[in-house]
Amino acid sequence: MTQTLPVGLSATSVVAASSANLGPGFDSLGIALSLYDEIVVETVESGLTVHVEGEGAGQVPLDETHLVVRAINKGLQAAGFSAPGLVVRCRNDIPHSRGLGSSAAAVVGGLAAVNGLVTQAGSEAMDDARLIQLSSEFEGHPDNAAAAVLGGAVVSWTEENPGGEPRYSAVPVRLHPDIRLFPAVPQQRSSTAETRVLLPEQVSHVDARFNLSRAALLVVALSERPDLLMAATEDVLHQPQRAAAMPASAEYLAILRRCGIAAVLSGAGPSVLGLSAQSGLPAEALEYGTAHGFTVTEMSVGAGVRWTAGAVVRN
C-alpha cells in the first residue's frame, strides 16, 4: 500500500563523479572522484519544479523526464511512497557526457535523497546494496553506480536472478594511499551509447585472456602495488576501438603513458584519467593538455554518497 509523504519535508544528497573501466575492467571496475553534485528535494502540495545550476543548466529537461526526477520517483515507488508535489534543485559540478559518471551520479543522488525523505516519514532507508541495485538498473551495468554509492575504488559484477532479471553487486577495493588521480576533461562531448556501437560483439580468446590478466593485476596494483599500474591498465577490448572517435583523447592517453603515467579512457571517454604514485604530471603532458583544450587537475578519491534528513548527515 502506497503512503503519501507529508508536505514540507526536505532532503539533500551529495554524490561523486566516477571513472569506470580503468582500462581492462570493462563494465566492472570503477573509482569515485572528488567532484560532486548536490541535490535538494522538497515535498510541496502539488506539481513539479526542477532547478538546475552549473553543468547541464539550460540543456537538460526540467520535467518528469529529468534523470534525477526519474530516480526519485523510482526510489519512492520502491519504498512504498508517493509525493504530492516536488521541488528538485540540482547543483552540478560533474561535467556531462565526458565519461565521468554524471548520469550515474544523478540517479544515485536522486535515490539517496529519497532516503532523506522517507526516513522522516518513519520508513527505513535503502541500504547500499539496494542503492546499487536500483541505480544500476538505470545504467545497465554497475561500475559507475557502485563507485558513486560506495566511494573509493570498486569491483562490481552482474548475476542473473531466477526470474531472469539482473542482480547487480559491488565490493570496495582499498586504494593504496600513494596513488594520485589526474582526470583530464576535454571540451568535446561523447555518449556511452554512441561509443558502444564501435565495439565488436565477439572478441578472440587471446584478447579476452589479455584483459582478464590485466584486470586481475589491476586490483593488486590499486590496493598494494602501484608500481604495477602501467602493466595493469593495459587494454585491448575497448580503448583501441574507440580511439578513432576521439583522436585527441587517444593521443593524450598515449602521451601520458609514454611519460610513465598509467592513463586510461575514463569510462567511454572522452575524458582521460591518469593514475600515478608520483606527484604532478610531466611538462610534456601538461602542455599537450593545455594546447588541446583539456582541463587537467589532481583529485583525491571520492567519498560515497551522503544524504541529509533534517540536521543529521548520514553516509
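Buried means under 20% relative accessible area, exposed means over 50%, and partly exposed lies in between, with a 1.4 Å probe and protein chains only. The model is predicted: local features need pLDDT of at least 70, side-chain atom pairs count only at pLDDT 80 or more, and totals for chains, interfaces and linings use all residues. Residues are numbered from 1 along each chain as its sequence is written, and side-chain values use heavy atoms, with hydrogens and water left out.

**Exercise 1. The whole chain**

Task: state what secondary structure the protein has, and compare its radius of gyration with the globule rule.

Solution.
- Step 1. Helices (H or I, at least four residues) and strands (E, at least two) are DSSP runs, numbered from the N terminus. The protein has ten helices and 14 strands.
- Step 2. The radius of gyration is taken over C-alpha atoms, and the globule rule is 2.2 Å times the number of residues to the power 0.38. For 315 residues the rule gives 20 Å, and the protein has a radius of gyration of 20 Å, so it is as compact as a globular protein of that length.
- Step 3. The C-alpha trace spans about 60 × 45 × 35 Å along its principal axes.
- Step 4. Of the 315 residues, 49% are buried.

**Exercise 2. Contacts and surface**

Task: find what share of contacts joins residues at least 24 apart, and what share of the exposed area carbon and sulfur atoms supply.

Solution.
- Step 1. Contact means heavy atoms within 4.5 Å. Taking contacts between residues at least 6 apart in sequence, 73% join residues at least 24 apart.
- Step 2. Accessible areas come from the Shrake-Rupley method with a 1.4 Å probe; for residues, only the protein chains shown count as cover. The protein exposes about 13,600 Å², and 51% of this comes from carbon and sulfur atoms.

**Exercise 3. Helix 2 and Ala-113**

Task: check the length of helix 2, then describe the surroundings of Ala-113.

Solution.
- Step 1. The expected span of a helix is 1.5 Å times one less than its number of residues. Helix 2 (residues 102-118) has 17 residues and should span 24 Å; its end C-alpha atoms are 25 Å apart, which agrees.
- Step 2. In helix 2, 16 of the 17 residues are buried.
- Step 3. Ala-113 is in helix 2 and, at 0% relative accessibility, counts as buried.
- Step 4. Leaving out residues up to four places away in sequence, Ala-113 touches Ala-11, Ser-13 and Val-41. Gly-47 is 66 residues from Ala-113 in sequence, and their C-alpha atoms are 18 Å apart.

**Exercise 4. Helix 3**

Task: list the buried residues of helix 3 and name elements that cover them.

Solution.
- Step 1. Helix 3 (residues 128-139) has twelve residues and reaches 16 Å from first to last C-alpha, close to the expected 16 Å.
- Step 2. Leu-131, Ile-132, Gln-133, Leu-134, Ser-135 and Ser-136 are buried in helix 3.
- Step 3. Their cover includes helix 1 (67-79), helix 2, helix 4 (143-150) and strand 8 (166-173).
- Step 4. Gly-140, just after helix 3, has a positive phi of about 85°.

**Exercise 5. Backbone exceptions**

Task: locate Asn-21, Ser-97 and Pro-270, and describe the backbone at each.

Solution.
- Step 1. Most residues other than glycine have a negative phi, and most peptide bonds are trans.
- Step 2. Asn-21 is in the loop between strand 2 (10-20) and strand 3 (29-43). Its phi is positive, about 80°, and at 3% relative accessibility Asn-21 counts as buried.
- Step 3. Ser-97 is in the loop between strand 6 (85-92) and helix 2. Its phi is positive, about 55°, and at 32% relative accessibility Ser-97 counts as partly exposed.
- Step 4. Pro-270 is in the loop between strand 10 (262-265) and strand 11 (272-276). The peptide bond from Gly-269 to Pro-270 is cis, with omega near 5°.

**Exercise 6. Two strand residues**

Task: give the accessibility of Trp-157 and Arg-89, and list what each touches.

Solution.
- Step 1. Trp-157 lies in strand 7 (residues 153-160) and, at 35% relative accessibility, counts as partly exposed.
- Step 2. Beyond neighbours within four places in sequence, Trp-157 is in contact with Pro-142, Arg-167, Tyr-168, Ser-169, Ala-170 and Val-171.
- Step 3. Arg-89 is in strand 6 and, at 27% relative accessibility, counts as partly exposed.
- Step 4. Not counting residues up to four places away in sequence, Arg-89 touches Glu-38, Ile-39, Val-40, Glu-42 and His-51. The C-alpha atoms of Arg-89 and Glu-42 are 8.7 Å apart.
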